[in-house]
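Colleague: Got a minute to walk me through this one? I'd like to start with how the helices pack.

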Amino acid sequence: MPDRRTQLLDAALAVVAEKGMKGLTHRSVDAAAEVAEGTTSNYYRSRSALLDAVLERLLDLDAELLRRSGPAGPPRDIGELAGRLASTVVALAGQHAGINRARMAFSLDRPEAVTAGHRLLVGNLEQALAALGVPDPAARARDVADYGDGLLLHLLTVRRDEAPDVEAVAATIRRLLAP
């Protein structure tokens, strides 16, 4: 069982995923966490403190997901990289959909809150592309990140009832990275 703070923050993420930022209140978190009314405000006195803590929890969950996803080490070639990225996007839209709906809500309300994570992702992708000899790795990394972000948005919204094809996503990424 997670500690009380983790329980509250995970409940807060679920509230944001379901109701958006306007739905995030101390009372809604209490209800989602199934704790006594007032519990969340005992831990996070203001909405601002709650938001800051939820964003920190989101970063922790991202780090945990990255540690658990895929094989360790750099990809051997573009095909392997494309497969890893495709699997990640599909997992983000599937088993991690709630967290990513919350992330999207945060990105609209507090874009600065997701900027550092996005830059880290693009920077790591740029390094991987450079190591694989892909021309203009900075631009290509941005293109692939933009495709992944757009696809994720669509898989969470207008295409939410579809089962995404990992291989089709990987093929698109390979096309984006082709010389």
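Modeller: Sure. For the angles I'll quote, axes are lines fitted to C-alpha atoms, for helices over the stretch in contact, and angles run from 0 to 180 degrees between N-to-C directions. Also keep in mind that this is a predicted model.

Colleague: Fine. At what angle do α8 and α9 cross?

Modeller: Roughly 155°, and their axes come within 9 Å. For reference, α8 covers residues 137-156 and α9 covers residues 166-177.

Colleague: So are those two roughly parallel or roughly antiparallel?

Modeller: Roughly antiparallel, because an angle over 145 degrees counts as that and the α8/α9 crossing is at roughly 155°.

Colleague: And the handedness, left or right?

Modeller: The crossing of α8 past α9 is right-handed.

Colleague: Which residues make that contact?

Modeller: From α8 you have Arg140, Asp143, Val144, Tyr147 and Leu151. On the α9 side they are Val169, Thr172, Ile173, Leu176 and Leu177. By class, the contact of α8 with α9 has seven nonpolar residues, one polar and two charged.

Colleague: OK, now α1 and α6. What's the angle there?

Modeller: About 70°, with the axes 8 Å apart. Here α1 is residues 4-19 and α6 is residues 97-109. That angle makes α1 roughly perpendicular to α6.

Colleague: What meets what between them?

Modeller: Leu13, Val16 and Ala17 of α1 meet Gly98, Arg101, Ala102, Ala105 and Phe106 of α6. The contact of α1 with α6 splits into six nonpolar, one polar and one charged residues.

Colleague: Let's zoom out. How many helices and strands does the protein have?

Modeller: Nine helices and zero strands. The C-alpha trace spans about 60 × 30 × 30 Å along its principal axes.

Colleague: And how much of the protein is buried?

Modeller: 38% of the 179 residues count as buried. On contacts, looking at those with a separation of 6 or more, 66% come from residues 24 or more positions apart.

Colleague: Got an example of a residue with partners far along the chain?

Modeller: Take Leu81, which sits in helix α5 (residues 78-93). The C-alpha atoms of Leu81 and Ile173 are 8.8 Å apart, with their positions 92 residues apart along the chain. Leaving aside neighbours within four places in sequence, Leu81 contacts Pro75, Leu125, Leu129, Leu132 and Leu177.

Colleague: Is Leu81 buried or exposed?

Modeller: Buried, because the cut-off is under 20% relative accessible area and Leu81 has 5%.

Colleague: What about Arg57, buried or exposed?

Modeller: Arg57 is buried too, with a relative accessible area of 15%. Arg57 lies in helix α4 (residues 47-68). Not counting residues up to four places away in sequence, Arg57 touches Thr6, Leu9, Asp10 and Leu13.

Colleague: And Thr39, what does that touch?

Modeller: Arg4, Leu8 and Asp30, with residues up to four places away in sequence not counted. Thr39 belongs to helix α3 (residues 39-43) and is buried, with a relative accessible area of 11%.

Colleague: Switching to rings: how many aromatic pairs are there?

Modeller: The count comes to one. Tyr43 and Tyr44 form a tilted pair, with 6.4 Å from centre to centre and 40° between the planes.

Colleague: How exposed or buried are those two tyrosines?

Modeller: Tyr43 is partly exposed, with a relative accessible area of 33%, whereas Tyr44 is buried at 7%.

Notes: Residues are numbered from 1 along each chain as its sequence is written. This is a predicted model: local features need pLDDT of at least 70, side-chain atom pairs count only at pLDDT 80 or more; totals for chains, interfaces and linings use all residues. Side-chain values use heavy atoms; hydrogens and water are left out. Helices (H or I, at least four residues) and strands (E, at least two) are DSSP runs, numbered from the N terminus. A crossing is left-handed if the near helix is turned anticlockwise from the far one by less than a right angle, and right-handed if clockwise. Contact means heavy atoms within 4.5 Å. Ala, Val, Leu, Ile, Met, Phe, Trp, Tyr, Cys and Pro count as nonpolar, Asp, Glu, Lys and Arg as charged, and the others, Gly among them, as polar. Rings of Phe, Tyr and Trp (its six-membered ring) pair if their centres lie within 6.5 Å; planes under 30 degrees apart count as stacked, over 60 as edge-to-face and the rest as tilted. Buried means under 20% relative accessible area, exposed over 50%, partly exposed in between (1.4 Å probe, protein chains only). Angles under 35 degrees count as roughly parallel, over 145 as roughly antiparallel, 65 to 115 as roughly perpendicular and the rest as oblique.
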